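Let's take a tour of this structure, stopping at a few cysteines and a couple of other residues before stepping back to the whole chains. Keep the 3D view open as you read.

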Amino acid sequence: MKVLVAISHVPDTTTRITFTEDKKALNKQGVTFIINPYDEFSLSYAVGLKEQNKAKEVIVLCVGPKEVESTLKKALAIGADKAVRIDTEPKDAFIVAANIAAYAKEQNFDLLLFGKESIDFNGSQVPGMVAELLQLPFVSFATKMEIENGKAKVTREISGGSEILEVELPLVLSAQKGLAKERIPNMRGIMMARRKPVEVIAPTETQPKVETLQLDYPKGRTQCKFIDPENIDELVQVLVNLGALN
Amino acid sequence: MIYVIVENLQGSIRKASIEAVSYAVALSEKLQKPLQGIALGPFKEGELQKLSQYGLEQLIHVTNEAYKDFSSINYTNAVAQVVKDPTVIVLPQGYDGRALAPRLSIRLQMPLLSGIHTLLEPYEQGYKAQRIAYSNKGIETVYTPSQKVIVTLKANSFVPQKKEASLNITTTEVAAATDKERVVGREQFSGKVPLTEANVVVSGGRGLKGPENWGMIEELAQLLGAATACSKPVADEGWRPHHEHVGQTGIQIAPNVYIAIGISGAIQHLAGVSASKNIIVINKDKDAPFFKNCDYGVVGDAFEVVPKLIEAIKRYKGLA
């Protein structure tokens, strides 16, 4: 099998987010970037398929400017065979999806893996758009997958439970926590990543359909009102007032 | 025409769909455009009629049995066939909506604004709205110059408005396109309140010391009709299942009341819960960062405070 893992280059989960003065973009100064954690579940899953000799090649792809190559290198260190960067600003989900789909069309992937959302824009848009552009089946929020004889058995999270689907490959999937355990790159992986190629290709789509007008900070919490544990009935009254208890 | 898609959860309408319908009714009034609901697959007797309480007047019901299970391909085909000259399509940003909306966006060539929490506003050539970005660390105002747009509505962000209407349901059939995404099994998590829909969530962290101590969390949740949740270390330790993990890499929730017990409030945890309307923190460490990001706090040992709280609630309810 040939597997594509599309990743986003996102601020580390511990980052304090600040925006530029014009409120249009993230202030990147001093921010550490990582592989989007949900994409990492997909990447780990794909590397696992290689170890089981079920996948021949794992290609990791990111749409973005030169700076995203540091994140692609991390993915190579974790075990992807090859990295591809599509050289354009990922201004909206449509640009990202259109470029991924255009690349994938030429490549005959059996699996196209994504994260359920990126932790920067939290949109859950790209994988579904890619599936539709390529006219492929799509399973979102996957927490488990087994592949036998060109068929995938996928468990997907749903409201208050989960469901199991049988889907023929090729398949587009977005990962939720549970699909695979994150892998930490070892020294050998990091050394090998240096020799693995990063192919840069030109974009096919650069016109966004949606733009950011402004970024603001969420309203902070007003001061915490402390309740004495000896006076627990006061907390009961709070619950009643908030509509949590009736 | 504005359309709103009603999710089918094993024949029932869930809260997220009622929020979406009520949102679409408000939008229809604001934009002065007619509204039609779309529901797919078999529903329980009288279930769809309930939407009349929220001001919906027109609904197309695609009745084929095949749509009892969600399939992103089949649902996309069916919706694309049913809609006529859509200007706005509203979906709840739930598990199905997140798979359906992007496909529809491509199929119908309508830009997608996802996870928005404000009423769509005409702006310049198109529309603008607000959404959460950077996992609750930012609020993004998005704009599309398109006159036609798909929006997914963030759960618990729009309070449904009761409004009696007379609902006219038109039934139709659309053959299901494929069986490429076939549901072969389903599991419900023991009949509890689904986390993403819950009005109240009771959540436990490492401060609870072990899975054997979750009895009081569950009892408190049951008394409040709440869903239970946990922090990342708790799920990683296997004390609680992954589907209870709330936080940046778990589930993001926005309940009316979030009660955090024995959780310090690391930035990754806050990213998953800070959209909650009210946060109550119980922690024995008065310096826990969560106390700087909550509305009500109790500094005390969970093993003393929680049983006391349970007793007090029982007294209030007349159960003790």
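## Cysteines without a partner

In this predicted model, the sulfur of B:C230 sits 20 Å from the closest cysteine sulfur, which belongs to B:C294, and that is too far for a bond. A disulfide is a covalent bond between the sulfur atoms of two cysteines. To count as one here, the two sulfur atoms have to be within 2.5 Å, so at 20 Å B:C230 doesn't make the cut. B:C230 is also buried, with 0% relative accessibility.

How many disulfides does the structure hold over all chains? The count is 0. Take A:C224: the nearest cysteine sulfur is the one in B:C294, 3.3 Å away, and A:C224 is in no disulfide. The cut-off is 2.5 Å, so a distance of 3.3 Å doesn't qualify. A:C224 counts as buried too, at a relative accessible area of 14%.

## A buried phenylalanine

Now find B:F290 in chain B. Where does B:F290 sit? Look in the loop that links β15 (278–283) to β16 (296–299). B:F290 is in a loop, and with a relative accessible area of 0% it is buried.

What does B:F290 touch, if you skip residues up to four places away in sequence? Its contacts include B:Y258, B:A260 and B:I263, along with B:H269, B:L270 and B:V273. B:I279 and B:V281 are among them as well, and those two residue numbers fall inside the range of β15 (278–283). You can also check B:I280, which is 10 residues from B:F290 along the chain: the C-alpha atoms of the two are separated by 9.3 Å.

## A glutamine that meets both chains

Next up is B:Q93, in the loop between β4 (88–92) and α3 (97–107) of chain B. Is B:Q93 buried or exposed? B:Q93 is buried, with a relative accessible area of 12%.

Leaving out neighbours within four places in sequence, B:Q93 is in contact with residues of chain A, namely A:N122 and A:G123. On the chain B side, its contacts include B:R98, B:S114, B:G115 and B:T152, and B:L153 and B:K154 are on the list too.

## Chain B as a whole

Time to zoom out. Chain B has 7 helices and 16 strands. Its radius of gyration is 21 Å, close to the 20 Å that the globule rule gives for 320 residues, so chain B is as compact as a globular protein of that length. Along the principal axes, its C-alpha trace spans about 60 × 45 × 40 Å.

Of the 320 residues of chain B, 62% count as buried. Among its contacts with a separation of 6 or more, 65% are between residues 24 or more positions apart. The accessible surface comes to about 12000 Å², and carbon and sulfur atoms account for 49% of it. As for charge, chain B carries 34 positive and 31 negative side chains, with the centres of the two sets 2 Å apart.

## Chain A as a whole

Chain A comes to 6 helices and 13 strands, and its C-alpha atoms fill a box of roughly 65 × 45 × 40 Å along the principal axes. Of its 246 residues, 57% count as buried.

For contacts with a separation of 6 or more, residues 24 or more positions apart account for 70% in chain A. Chain A exposes about 10900 Å², with carbon and sulfur atoms supplying 48%. Its side chains include 31 positive and 33 negative ones, and the centres of these sets lie 5 Å apart.

Methods. Residues numbered from 1 in each chain as written. Chains lettered and ligands numbered in written order. Predicted model: local features only at pLDDT ≥ 70, side-chain atom pairs only at ≥ 80, totals over all residues. Heavy atoms only, no water. Helix = DSSP H or I, 4+ residues; strand = E, 2+ residues; numbered from the N terminus. Rg over C-alpha atoms; globule rule 2.2 N^0.38 Å. Buried < 20%, exposed > 50% of the residue type's maximum accessible area, 1.4 Å probe, protein only. Contact = heavy atoms within 4.5 Å. Areas by Shrake-Rupley, 256 points an atom, 1.4 Å probe, with all protein chains shown as cover. Lys, Arg positive; Asp, Glu negative; His and termini not counted. Charge placed at Lys NZ, Arg CZ, Asp CG, Glu CD.
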